[in-house]
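These are my notebook entries on one protein chain. I looked up the fold, the nonpolar cores and the aromatic contacts, in an order that suited the reading.

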Amino acid sequence: MGMNTLVRLQRRRPGADPGHRLQVPDGMTVPLGCDAVGVPDRLGPLVVARLPRLGCVYADGARWWWIVPSDSDYALPWPAPAEYAPGALVGGAAPLIHRPQGTVPYTPPIPLYLALCRATGTAPDWSRTITA
């Protein structure tokens, strides 16, 4: 089995509470699948200010959520306290607070990752020193 298959099998394990799926607005399509990245609400405005382009953004009172293409966590550890939600399944209902123009809901994952690293004071994973 390849790594992609193993990652997908791991994600399909049944969980205790699958949560609520973030709803993409009518008229939008998700050709690359749909996952979400969430951060505590205090970091939301800091991240938004650092992004060149926003996709759909949701807020549930505790976290802000961005829609990203599926598997945007593949070989990329999102910095704490970020939460990665495969399938855009989040703990509770989160209303949409930003809708982009166009037909795709995605925030580009690499700029989002870098904005999160900057907001949390975390070095990007690829820039860390490798130790033996």
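**Aromatic pairs and cores**

I began with a pair of residues in this predicted model: Trp 78 and Tyr 113 are both buried.

I then looked up the geometry of their rings. The ring centres of Trp 78 and Tyr 113 lie 5.6 Å apart and the planes meet at 80°, so I recorded the pair as edge-to-face; the cut-off for that class is over 60 degrees. Trp 78 belongs to the loop between strand E4 (63-68) and strand E5 (83-85), whereas Tyr 113 belongs to helix H3 (residues 109-120), so the pair ties together parts that are 35 residues apart in sequence.

I asked which residues form one aromatic cluster with Trp 78. The cluster consists of Trp 78, Tyr 84 and Tyr 113.

I listed the contacts of Trp 78, leaving out residues up to four places away in sequence. Trp 78 touches Val 37, Ser 72, Asp 73, Tyr 84, Pro 109, Leu 112, Tyr 113 and Leu 116.

I counted three aromatic pairs in total. One of them joins Trp 64 and Trp 66, with 6.4 Å from centre to centre and 45° between the planes, and I entered this pair as tilted. Trp 64 and Trp 66 are both buried.

I also checked for a charge over a ring. Arg 63 lies over the face of Trp 65, at 5.9 Å from the ring centre.

**Cores**

I turned to the largest nonpolar core, which has 20 residues. Val 37, Val 47, Leu 51, Trp 66, Trp 78, Leu 112 and Leu 116 are the members with the most contacts inside this core. Strand E2 (35-40), strand E3 (57-59), E4 and H3 each supply at least two of its residues. H3 gives the largest share, six residues.

Apart from this core I noted another, of 13 residues, among them Cys 34, Ala 36, Val 90 and Tyr 106.

**Whole chain**

I recorded three helices and seven strands. Along the sequence, the pattern reads α-β-β-α-β-β-β-β-β-α.

I asked what percentage of the 132 residues is buried. Buried residues account for 36%.

Of the contacts with a separation of 6 or more, 78% are between residues 24 or more positions apart.

I closed with the accessible surface of the chain, which is about 7,700 Å². Carbon and sulfur atoms hold 57% of this surface.

Definitions and conventions. Residues are numbered from 1 along each chain as its sequence is written. This is a predicted model: local features need pLDDT of at least 70, side-chain atom pairs count only at pLDDT 80 or more; totals for chains, interfaces and linings use all residues. Side-chain values use heavy atoms; hydrogens and water are left out. Rings of Phe, Tyr and Trp (its six-membered ring) pair if their centres lie within 6.5 Å; planes under 30 degrees apart count as stacked, over 60 as edge-to-face and the rest as tilted. Buried means under 20% relative accessible area, exposed over 50%, partly exposed in between (1.4 Å probe, protein chains only). Helices (H or I, at least four residues) and strands (E, at least two) are DSSP runs, numbered from the N terminus. A charge sits over a ring if NZ of Lys or CZ of Arg is within 6 Å of the ring centre and within 35 degrees of the ring normal. Contact means heavy atoms within 4.5 Å. Accessible areas come from the Shrake-Rupley method with a 1.4 Å probe; for residues, only the protein chains shown count as cover. A nonpolar core is a set of buried Ala, Val, Leu, Ile, Met, Phe, Trp, Tyr and Cys residues joined through side-chain atoms within 4.5 Å.
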